[in-house]
Structure formats: structure tokens, C-alpha cells
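Biologist: I should like to go through this model and ask what stands behind each term that is used. May we begin once the structure is shown?

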Amino acid sequence: MTPVTVFEGQKVALFGLGGSGLATATALKAGGAEVVAWDDNADSVARARDAGIGNQDLREADWSGFAALVLSPGVPLTHPEPHWTVRLAREAGTEIIGDIELFCRERRVRAPGAPFVAITGTNGKSTTTALIAHVLAQAGRDVQMGGNIGTAILSLAPPDAARIHVIEMSSFQIDLTPGLDPTVGVLMNITPDHLDRHGTMEQYAAIKERLISGSGLAVIGIDDGPSRAIAERRASDLVRVHVPTGDALCADALTVRDGIVRDPESTALADVTGIGSLRGAHNWQNAAVAVAVARALGLTGEEIQAGLSSFPGLPHRMEEVGRRGAVLFVNDSKATNADSTEKALTAFRDIHWILGGKAKEGGIFPLVPYFQRVAHAYLIGAASDAFAATLEGVVPYTRCETLEVAVPKAAENAAASGAPEPVVLLSPACASYDQFRNFEIRGDRFRELVRALP
């Protein structure tokens with residue numbers, strides 16, 4: 001845990017008592033603050049009370065006595081409308097911050113030079129966060145990983161000059177961190193997302209830019225317009241990362257082509273070809289960003305290559321779960337929309353594609369250009385009729401209804417196909433809610449079924 005001493009002797013309001021909220025309240029209390037916590041969920045309030053955290057309905061509190069409101073990132077700050085605690089705090093002139101802001105303030109007091117890597121982006125930030133942490137840890141560094149990827153930042157060991165914090169940040173977390181000042185700030189990409197919480201694309205991009213604005217070194221993917229514009233506004237201490245799709249190369253960027261990461265002078269820095277967990281152009285960008293960060297933190301080329309080569313990947317994100325003969329089985333359950341599934345379809349050929357569930361707007365029509373890579377499709381869940389209509393006459397398909405039917409059928413057909421490396425790919429392009437509580441449970445079930453094959 002990182003005790004938060006910067007509010008020692010002061011009263012702090014806290015709203016949101018999920019995992020990170022409870023960790024924050026505990027860290028504030030350990031640092032000497034008086035915490036008054038609340039949540040709309042009575043069970044969460046009871047758990048906090050059992051943990052010794054003071055609580056009160058903040059509607060009835062005297063806000064003039066609070067030094068700050070610490071808000072859970074899941075609570076609306078601006079859109080679709082400010083949460084009631086936000087209105088009360090603003091009326092009282094009370095600052096509104098999040099747990100990562102507390103970490104930043106504690107770092108400035110405790111160990112101002114402690115290495116701190118912050119990663120954001122619409123897509124790929126979890127894999128990149130895990131990859132950076134893995135490369136650093138494999139090289140023998142003391143690494144703490146957390147934030148949006150899972151472990152609350154204040155549950156990690158405290159900042160220290162010899163310890164590197166690698167933290168994934170959502171736009172919601174950035175919005176609550178006005179003093180964000182990482183040693184290295186990473187912006188992967190920006191595409192429309194969470195506009196219900198940020199209002200406009202411009203506001204969403206501006207929030208992402210704040211992470212870069214406060215960083216010592218900025219590492220920015222420049223393959224989309226908004227991110228490229230942010231890079232152009234950065235005058236110095238910048239590494240551009242570019243994965244070209246055509247012949248044109250960005251002369252002053254760290255680039256990846258055919259799996260080789262090169263610096264602006266075309267010197268090869270790393271090779272990701274043949275690394276199963278880093279297949280596809282999107283993972284090439286993840287790897288290039290990790291190379292840039294690791295180099296900035298002093299790792300050698302040999303250390304970086306060893307870390308990339310041993311990266312196991314994240315569960316449910318193009319996760320290689322097994323082989324049966326020539327057949328490779330890949331769990332991409334995290335792909336809950338067509339945009340995510342596109343990345344998997346571009347990474348493989350001879351695909352036996354398991355898809356379906358609760359469909360998103362647009363269905364799989366955007367994936368038509370990649371259907372030539374699909375040998376056969378296996379439909380599950382509520383989207384079966386709609387997806388069959390899109391596949392009709394283009395890709396042969398079988399209605400399977402459930403994973404229990406689809407996995408053995410796909411395995412049998414893939415093995416009989418004669419292709420050199422057929423792939424049974426679960427990449428549903430759908431939410432899981434028609435049959436599974438979440439995509440993790442769906443992916444776990446796929447893995448179980450694969451391992452149960454004869």
C-alpha cells in the first residue's frame with residue numbers, strides 16, 4: 001500500500017467504494033486523513049464500515065470542512081450530467097480529484113524522481129501496459145503495475161527511486177488527475193469512445209492530451225489524426241511511433257514494418273516476428289511503444305528483445321490457448337465489436353471463426369473485406385440470424401448456438417482442412433450478455449473446451 005500523507009490531519013470526502021475506492025480510503029486513513037466515505041450501494045458502505053472507514057451520506061455533510069472530494073472514475077464528472085457529489089463539491093469550492101492524483105502528490109513528497117510510466121489510448125493500452133511492465137521486470141527492475149488494468153494504484157508499493165510504476169489510465173482517471181506528471185507518458189491512439197461521458201470527440205481528445213502535456217518524455221502513436229495533431233503540438237522530448245500501412249514512412253518516427261522495430265535512422269531495435277503474443281499490426285505498435293519506453297528507462301537492446309520474446313500476452317486478447325496437431329486455438333473473447341475482431345482477422349489466415357452473442361450496432365458488415373481469410377464461420381448466440389445474412393454466399397457457416405457445439409465442430413473441420421496452420425479463433429464481435437455474464441467467463445469457457453478436446 002501507498003499511505004497518502006498529503007492530507008494528514010484534514011477531512012476528505014470520498015465517493016465510490018468499489019475496489020479502488022476502498023483502497024483509496026484505506027490509504028488516506030493510513031496517512032492520517034479523516035475520511036468520510038459514501039456510495040449509492042449500501043453493501044459497499046457496509047464493507048467500508050467493517051474496514052474501519054468512516055462514512056456518512058454526503059448529501060447531509062458539511063462540505064465547508066472538506067479539503068477535497070476523491071471521486072471514483074466510474075462516477076460522471078461532467079457528462080451526461082455531473083454527479084450530485086460533484087455539484088455539492090463545486091458549490092463549496094472543494095477540489096475534485098481521483099486516486100492517481102493522490103499518488104502523484106505523494107510521489108512529489110516522498111520520491112520526486114521515482115520513475116512513473118503512464119499509458120493511455122482508446123485501444124491497446126492494457127496490452128501495452130502489461131508488455132512494458134513485463135519487459136522491465138524480465139530485465140530485473142522493481143516494477144509495480146496497476147491503475148485501469150486492475151490493481152488500484154494506492155494498493156501498490158510506494159514510489160521509490162529504484163521502483164518503476166507502470167500505470168494504465170482511462171480518460172476518466174486522467175480527468176481526475178490535474179497534477180499528472182509521469183516520467184514517460186504514452187498515448188497509443190484516439191478513436192471515438194466514451195462520448196457519453198465526455199460530450200464531444202474534441203473534449204475526449206483534449207483529456208487524453210493532458211497525460212502527454214505533463215509528462216517528461218512523450219511517446220505518441222501517430223497513426224490517427226487526433227494523436228498526430230497532439231504530437232505536432234509537442235515541441236520536444238517526443239518519440240513518435242508509426243506503423244505504416246503503405247510505402248510512405250514517417251522520417252522522424254520509430255517505425256515497424258514486417259515485424260522489425262527501427263529508429264529514425266533505420267537501425268533495427270527489435271524483432272517481433274514469430275512472437276505469438278504480438279501478432280498483427282496493432283501489436284506491432286504495442287511492441288514499438290514498449291521499446292521506446294524501455295530504451296528511455298535505460299534497458300539494453302538485448303534486455304528489450306528478451307522481454308518481448310517472453311511476453312505471454314493477456315488473457316482473452318488473441319491468447320494462444322493450445323494446439324492440436326497443426327491447429328492453433330486462439331481466445332479473443334475481449335473482441336466485443338467489429339473493430340476489435342478486425343485486428344484478429346488481419347493477424348491470421350485459414351480461420352475457423354467462432355462469432356456471435358449480443359450484437360453491436362453495425363454488426364459484422366465492416367469485416368466483409370477480411371472474409372477471404374475465413375475458411376468457415378460458426379455462429380453462436382443471439383446474433384446468429386443477422387450474422388448469417390451477412391455471411392450468406394460469401395463465407396460458409398454453421399449455426400452452432402453455443403460454444404459447446406462450436407468448439408469441437410471447428411476443431412474437427414480445421415484439422416481436416418489440410419491447411420498448414422489452420423486457426424480456430426473465438427473473436428465474437430459481440431457482447432457476451434446473451435449467454436455469459438462477461439467476456440472473461442466466455443473466454444474461460446472456450447479455454448476449458450479446447451483443453452477438453454481429445
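Modeller: The model is a predicted one. In it, Leu-187 stands opposite Ile-220 in β9.

Biologist: What joins strand β8 to strand β9, and how do the two strands run?

Modeller: Strand β8 (residues 184–187) and strand β9 (residues 217–221) are joined by four bridges and run parallel. Two strands count as paired if there are at least two bridges between them. With four bridges, β8 and β9 therefore satisfy that definition.

Biologist: To which sheet do these strands belong, and in what order do its strands lie?

Modeller: They belong to an open sheet of nine strands, ordered β6-β7-β5-β8-β9-β10-β11-β12-β13, with mixed pairing.

Biologist: Why are β6 and β13 said to stand at the edges?

Modeller: Each of them, β6 (142–147) and β13 (268–271), has a single partner strand, so one side of each lacks a neighbour in the sheet. On average, neighbouring strands of this sheet are turned by 15 degrees against each other, direction ignored.

Biologist: Which helix lies across β5, β6 and β7?

Modeller: Helix α5 (residues 125–138) lies across β5 (116–120), β6 and β7 (163–168), and runs at about 165 degrees to β7.

Biologist: Helix α5 also packs with helix α11. What makes α5 oblique to α11?

Modeller: The angle between α5 and α11 (residues 301–309) is about 125 degrees, and their axes are 8 Å apart. Roughly perpendicular covers 65 to 115 degrees, and roughly antiparallel begins over 145. An angle of about 125 degrees falls in neither range, which means that α5 is oblique to α11. The crossing of α5 and α11 is right-handed.

Biologist: Which residues make the contact of α5 with α11?

Modeller: Leu-131, His-134, Val-135 and Gln-138 come from α5, while Glu-303, Ile-304, Gly-307 and Leu-308 come from α11. By class, four of these residues are nonpolar, three are polar and one is charged.

Biologist: Let us turn to Gln-285. Where does Gln-285 lie, and how do you know whether Gln-285 is buried or exposed?

Modeller: Gln-285 is part of helix α10 (residues 281–296). Its relative accessibility is 8%, and buried means under 20%. Gln-285 therefore counts as buried. Leaving aside residues up to four places away in sequence, Gln-285 touches Met-188, Asn-189, Gly-221, Asp-223, Val-241 and Val-243.

Biologist: Why is Thr-341 called buried?

Modeller: Thr-341 has 0% relative accessibility, and the cut-off for buried is under 20%. Thr-341 therefore counts as buried. The residue is located in helix α12 (residues 338–345). Residues up to four places away in sequence not counted, Thr-341 touches Ala-335, Trp-353, Leu-367, Ser-427, Pro-428 and Ala-429.

Biologist: Across which strands does α12 lie?

Modeller: Helix α12 lies across β16 (351–356), β18 (374–380) and β20 (423–426), at about 170 degrees to β16. These strands are among those of an open sheet of six, in the order β14-β15-β20-β16-β18-β19, with mixed pairing.

Biologist: What makes β14 and β19 the edge strands of that sheet?

Modeller: β14 (319–324) and β19 (397–401) each have a single partner strand, so one side of each is without a neighbour in the sheet. The twist from one strand to the next averages 20 degrees.

Biologist: How many bridges join β14 to β15?

Modeller: Five bridges join β14 to strand β15 (residues 327–331), and the two run antiparallel. Here Arg-324 stands opposite Val-327 in β15.

Biologist: Which strands does α15 lie across, and why is α14 called oblique to α15?

Modeller: Helix α15 lies across β14, β15, β16 and β20, running at about 15 degrees to β14. Helices α14 (residues 403–415) and α15 (residues 439–451) pack at about 45 degrees, with axes 10 Å apart. Roughly parallel requires an angle under 35 degrees, and roughly perpendicular starts at 65. The value of about 45 degrees fits neither class, so α14 is oblique to α15. Their crossing is right-handed.

Biologist: Which residues of α14 and α15 meet?

Modeller: Leu-403, Glu-404 and Val-407 in α14 meet Arg-442, Arg-445, Phe-446, Leu-449 and Val-450 in α15. Five of the residues in this contact are nonpolar, none is polar and three are charged.

Methods: Residues numbered from 1 in each chain as written. Predicted model: local features only at pLDDT ≥ 70, side-chain atom pairs only at ≥ 80, totals over all residues. Heavy atoms only, no water. Buried < 20%, exposed > 50% of the residue type's maximum accessible area, 1.4 Å probe, protein only. Contact = heavy atoms within 4.5 Å. Axes fitted to C-alpha atoms, helices over the stretch in contact; angles between N-to-C directions. Left-handed = near helix turned anticlockwise from the far one by under 90°. Nonpolar A, V, L, I, M, F, W, Y, C, P; charged D, E, K, R; others polar.
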